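The following exercises concern the ligand site and the enclosed space of a protein model. Each task is followed by a solution in steps.

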Amino acid sequence: MLSYQQARELVIARVQSICETPATESEPLSQSLGRVLSEEIRSDRDYPPFDRSVRDGYAVRSADTHPGAHLRCIGELKAGDAPSVSVAPGTCVQIMTGAAMPDGADAVIMIEHTSREGHDVQVERSLTPGQHVVRKGSEQSSGKTILQTGTRIGFTEIAAAAQVGAANPRVFRKPRVAILTTGDEIVDFAATPGPFQIRNSNSASIAAQTSLLGAEPVLLGNAKDTSQDLRDKISAGLEHDALIISGGVSMGKYDLVEPVFRELGAEIIFDAVAIRPGKPVVFAICKGKPVFGLPGNPVSTMVTFDLFVRPALEILSGAEPSPLPFFEAILSSPLSEKPGLTHFLPAQLAWPDGAPRVSPIPWQGSGDVVAMTRANCLLVVPQDRERIEDGERVQVLPRGLF
Ligand code: AMP
Ligand code: MG
């Protein structure tokens, strides 16, 4: 059986091979959060655009400064002012953070390191040339690329784009991702379920995970566990850029998703991965589109989405697939899990004494979505480990980050 790493690599390779460069559009910067740049953004001028003071204090000639030196203050500059005076030997200009440096001065002494009487400023420190000044063009020179094509726009990228006046960046069109749940027992989450019916939480969580990646969820509703209904709804789903199905991929008599994929001519790339939760996950290419059959238990659905669907949607969005953000923590209580599968357990990560410590959260297995809400990470138990002692180092994946 494939490891999750092998399965991810297959997803990435296959989606990259079928995916064409997405169409592009202009988006107002204020609405571009989470989108992927389809062209680079360049600096429109030098940054900073002038030699900038980064402290409140006095613009001075550094050669004039030593403890006890007296300078005559000949003016004041605040942010936005054009410097009109120049600093001659023995003089200084009061300057605020963000203001342009006056001619003659090469450093700023912090106000805290001075005392003043009238125009007389006594300095308490020696400065080196350039101290507390950021030189024109030292952050970016005019015309230089500041954000590459394929960059996902987060709030930091929004700030950088705003700084250079990129008010309507060009971004890749969002992939439209069809979402289909399956199961005779499933009812809409707004409905009152009968005694043996289950509300549809997967369509909501898959749509949310899809939106968080900057893709557009298209809800196809729920299919009955019949070949006919599955065939009709899966065929409709193949009109979109990708199709994600939940449920119907296990060994039960009514788990018909994979047979229907085959009927529709799909190439099944894998139909099992050595993980828990999520072992029966299916990835296929059908009519040129990536399709996923995620196991229906809600925690399996969300974990397999993050492991396998996420890189596919990143590629379809025009971005590079991001690696899984593992980090190490110390296990707080011993663990025993079935070997042969990599386990992803809901867990709590904390730093009680400065070092990261992780403990699993009690849960009833992959249907226990409420336990998952109490977790801030997944603890990864490797395939070859039956038991891990407390105090051992383990890998964790932060929840909501991957
Ligand atoms: P399945 O993968 O179809 O065998 O379903 C596994 C378990 O997940 C069953 O207990 C289902 O009732 C439950 N389940 C399947 N689909 C959903 C869904 N859309 N929302 C919530 N639970 C579901
Ligand atoms: Mg089912």
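The exercises below refer to a predicted model.

**Exercise 1.** Determine which residues are closest to ligand 1, and how the shell around ligand 1 divides by class.

*Solution.* Step 1: ligand 1 is surrounded by 18 residues, the closest being Glu185, Asn200, Ser201, Gly248 and Gly296. Step 2: the shell comprises 4 nonpolar, 11 polar and 3 charged residues.

**Exercise 2.** Identify polar contacts of ligand 1, applying a cut-off of 3.5 Å between N or O atoms.

*Solution.* Step 1: an N or O atom in the side chain of Asn200 is 2.8 Å from a nitrogen atom of ligand 1. Step 2: an oxygen atom of ligand 1 lies 2.8 Å from a backbone N or O atom of Gly296. Step 3: a polar backbone atom of Asn297 is 3.2 Å from an oxygen atom of ligand 1. Step 4: of the 490 Å² of accessible area that ligand 1 has on its own, the protein covers 79%.

**Exercise 3.** State which pocket ligand 1 takes up and which elements give two or more residues to its shell.

*Solution.* Step 1: ligand 1 takes the space of the largest pocket. Step 2: the elements giving two or more residues to the shell are strand E13 (176-182) and strand E15 (198-199).

**Exercise 4.** Describe the largest cavity by volume and lining.

*Solution.* Step 1: the count is 1 cavity of 30 Å³ or more. Step 2: the volume of the largest cavity is about 40 Å³. Step 3: its lining residues include Arg35, Arg152, Phe172, Arg173 and Lys174. Step 4: by class, this lining has 3 nonpolar, 3 polar and 4 charged residues.

How values were computed: Residues numbered from 1 in each chain as written. Chains lettered and ligands numbered in written order. Predicted model: local features only at pLDDT ≥ 70, side-chain atom pairs only at ≥ 80, totals over all residues. Heavy atoms only, no water. Near = heavy atom within 4 Å. Polar contact = N/O pair within 3.5 Å; in protein donor to acceptor, adjacent residues only side chain to side chain. Areas by Shrake-Rupley, 256 points an atom, 1.4 Å probe, with all protein chains shown as cover. 1 Å grid on protein atoms, 1.4 Å probe; cavity = no way out; pocket = protein on both sides within 12 Å on 5 of 7 lines; lining within 4 Å. Sits in = over half its atoms within 2 Å of the grid points. Helix = DSSP H or I, 4+ residues; strand = E, 2+ residues; numbered from the N terminus. Nonpolar A, V, L, I, M, F, W, Y, C, P; charged D, E, K, R; others polar. Points joined across faces, edges and corners; volume = space filled by probe spheres on them.
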